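User: I would like a close look at the salt bridges of this structure. Please explain which residues take part and where they lie.

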Amino acid sequence: ITFTELRVDGGASVSDILLQIQSDMIRTIVDRPKTVETTALGAAYLAGLAVGYWASKEDVVRNRAIDRVFHPEITAEERAAKVKGWSKAVKCSYGWAKDE
């Protein structure tokens with residue numbers, strides 16, 4: 001899959017380091033909205049559409065405000081080294097939690 005952008009939300013999306021790592025590892029931009037807790041916001045948007053507060057879904061989309069956009073910052077070589085280290089860590093964890 002080729003990504004052009006990853007839009008994130010939810011509690012974990014407030015972590016700048018997490019989003020930077022995601023951007024680096026998938027080699028695309030990661031876009032965080034100003035409102036990261038979107039469950040309630042989505043319900044409000046649906047209610048607003050139902051009663052005519054917003055005329056269309058496009059009005060809702062235009063209402064989305066961006067807090068920060070993360071861009072990939074590491075080289076392909078650095079990324080490959082990190083993936084190799086992650087793979088090694090996963091292999092080291094095999095059998096870690098066994099039923100006794």
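Analyst:
**Salt bridges in the predicted model**

Arg 62 is exposed, with a relative accessible area of 59%. In this predicted model, its side chain meets that of Asp 59 in a salt bridge, at 2.3 Å from N to O. Asp 59 is partly exposed, because its relative accessible area of 22% falls between the 20% and 50% limits. Both residues belong to helix 3 (residues 57-62) and are 3 residues apart, about one turn of the helix. In general, an α-helix has 3.6 residues a turn, so residues three or four places apart point the same way.

Across the whole structure, 6 salt bridges are found. Some of them share partners, and these join Asp 16, Arg 32, Asp 67 and Arg 68 into one network.

Within this network, Arg 32 pairs with Asp 16, with the closest N and O atoms 2.9 Å apart. Asp 16 belongs to helix 1 (residues 16-26) and Arg 32 to strand 2, so this salt bridge ties together parts that are 16 residues apart in sequence. Arg 32 also forms a salt bridge with Asp 67, at 3.0 Å from N to O. Here the linked parts of the chain are distant: Asp 67 is in strand 3 and Arg 32 in strand 2, 35 residues apart.

The accessibility of these residues completes the picture. Arg 32 is buried, with a relative accessible area of 6%. Asp 16 is partly exposed at 35%, and Asp 67 is likewise partly exposed, at 44%.

Key. Residues are numbered from 1 along each chain as its sequence is written. This is a predicted model: local features need pLDDT of at least 70, side-chain atom pairs count only at pLDDT 80 or more; totals for chains, interfaces and linings use all residues. Side-chain values use heavy atoms; hydrogens and water are left out. A salt bridge is a side-chain nitrogen of Lys or Arg within 4 Å of a carboxyl oxygen of Asp or Glu. Helices (H or I, at least four residues) and strands (E, at least two) are DSSP runs, numbered from the N terminus. Buried means under 20% relative accessible area, exposed over 50%, partly exposed in between (1.4 Å probe, protein chains only).
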